[in-house]
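Here is a small set of exercises to work through with the model open beside you. Try each task on your own, then follow the solution step by step.

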Amino acid sequence: DSSTSTSFAQPSGISLSPDWKEAYIADSESSSIRVLDLKTGGSKLLVGGDPVFSDNLFRFGDHDGAGSEVLLQHPLGVLCGKNGQIYIADSYNHKIKKLDPASKRVSTLAGAGKAGFKDGMALLAQLSEPSGIVEAQNGRLFIADTNNSVIRYLDLNKEETELRTLELKGVQPPPPKSRSLKRLRRRSSADTDTVKVDGSSSNKGNLYLKIAIPEGYHFSKEARSKFSVEIEPENKVVIDPVDGYLTPDGSASLHFRRSSPVASIGRINCKVYYCKEDEICLYQSLAFELPFLEVIPDSTSAEITLTYLVKPKAASTGSLQLPIVR
């Protein structure tokens, strides 16, 4: 395409060629890697996407090979290495791939194609939506493993490549967040299961979280399940604690006290991480919506139990899987 007819579909990653004459672009919505001529402004398709109908954003998948037979899925990162090879963070396929720009041949470097968190031999290891990739002087590729919130790395100098997790030693953690109650979000994310609870007009009381999982599952030991509290309008109810972890059996106790008699809405957000023995670990987001009704004077203290039974669902693209602790 010429500079006036070139178009992209959510370009998300960019990397210069060693001679600075071209820029390689991860065009995520078309699931393709494009190359831009920096002198003319024209671009062309390297791999992925639809080579015939460029407006077709539905040609995606996971297939190595050469040229038009290559399928990617929403790549977010691209890097042109010092060796002239192009490295791709094939995000929704949970893989790192290598592209030879001369032959247009693509091969998988790391990732088993299933979201997860597992170090080891590169093709057996697991990532979860890698999105950024850079090269260090020592021949290592550093990868932003988005859903796992860690940095992973590959050593390209080794014959048998392994995927490892970077340990950040001597790095100070960010300052703690304010313990004040958060303002209630306008809406929950699409994967959050919302449980509406009967309202309370008491001036104070206790809230008991009780999350249950089916037989054959257990709460993850590595990723602890947690909760956080939001109130709208702010400062109308004091809840203690405002966040924390669930116990190993999936419970927590909170206390509330009304600082104003007017009505308000509370939401207790829970992130539940649970595993099936020796198979897979999954994630469930849920929210309890609790109306605090206008206070009735001299009302008794409330005892409110918030229960939920997790119903496992099949893992799919975008769902979070966790390492199994045995």
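**Exercise 1. Find which residues make the nonpolar surface patch of about 350 Å², and work out where W20 sits.**

Step 1. The patch of about 350 Å² is made by L16, W20 and L38. Patch members are residues with over 30% relative accessible area and no salt bridge; nonpolar side chains (Val, Leu, Ile, Met, Phe, Trp, Tyr) are joined within 5 Å, and like charges within 9 Å. The areas come from the Shrake-Rupley method with a 1.4 Å probe, and for residues only the protein chains shown count as cover.

Step 2. Locate W20 in the loop between β1 (11-16) and β2. Strands (E, at least two residues) and helices (H or I, at least four) are DSSP runs, numbered from the N terminus.

Step 3. Check the exposure: W20 counts as exposed because its relative accessibility is 65%. The cut-offs are under 20% relative accessible area for buried, over 50% for exposed, and partly exposed in between (1.4 Å probe, protein chains only).

A word on the ground rules: this is a predicted model, where local features need pLDDT of at least 70 and side-chain atom pairs count only at pLDDT 80 or more, while totals for chains, interfaces and linings use all residues. Residues are numbered from 1 along each chain as its sequence is written, and side-chain values use heavy atoms, with hydrogens and water left out.

**Exercise 2. Describe the protein as a whole: how many helices and strands does it have, and what share of its residues is buried?**

Step 1. Take the secondary structure: there are zero helices and 25 strands.

Step 2. Turn to burial: 45% of the 326 residues count as buried.

Step 3. Look at the surface, which comes to about 17600 Å²; carbon and sulfur atoms contribute 51% of that area.

Step 4. Consider the contacts (heavy atoms within 4.5 Å). Among those with a separation of 6 or more, 55% are between residues 24 or more positions apart.

**Exercise 3. Follow the salt bridges: which residue pairs with D62, and where do the two partners lie?**

Step 1. Recall the criterion: a salt bridge is a side-chain nitrogen of Lys or Arg within 4 Å of a carboxyl oxygen of Asp or Glu. The whole structure holds 11 of them.

Step 2. Find the partner of D62: its side chain meets that of K95, at 2.9 Å from N to O. D62 lies in the loop between β4 (43-48) and β5 (65-66) and K95 is in strand β8, so the pair ties together parts that are 33 residues apart in sequence.

Step 3. Compare the surroundings of the two. D62 is partly exposed because its relative accessibility is 35%, while K95, at 11%, counts as buried.

Step 4. Widen the view: D62, D64, D90, K95 and K97 are linked in a network of salt bridges.

Step 5. Look at two further pairs. D27 bridges to R34, with the closest N and O atoms 3.2 Å apart, and both D27 and R34 are buried. E162 and R164 meet at 2.6 Å, N to O; E162 is partly exposed at 27% relative accessible area, and R164 is partly exposed at 33%.

**Exercise 4. Inspect the backbone: what is notable about phi in S31 and H94, and which peptide bonds are cis?**

Step 1. Start with S31, which is not a glycine yet has a positive phi of about 50 degrees. S31 is in the loop between β2 (22-27) and β3 (32-37), and it counts as buried at 3% relative accessibility.

Step 2. Go on to H94, another residue other than glycine with a positive phi, near 60 degrees. H94 is in the loop between β7 (86-90) and β8 (95-100) and is buried, at 4% relative accessibility.

Step 3. Examine the prolines. The bond from E232 to P233 is cis, with omega near -5 degrees, and P233 sits in the loop between β19 (226-232) and β20 (237-240). A cis bond also joins D240 and P241, with omega about 0 degrees; P241 is in the loop between β20 and β21 (243-245).

**Exercise 5. Decide whether L124 is buried or exposed, and list what it touches.**

Step 1. Place L124 in the loop between β10 (120-121) and β11 (130-135).

Step 2. Read its accessibility: L124 is exposed, because its relative accessible area is 58%.

Step 3. Leaving aside residues up to four places away in sequence, L124 touches A112 and K118. The C-alpha atoms of L124 and A112 are 5.1 Å apart, with their positions 12 residues apart along the chain.
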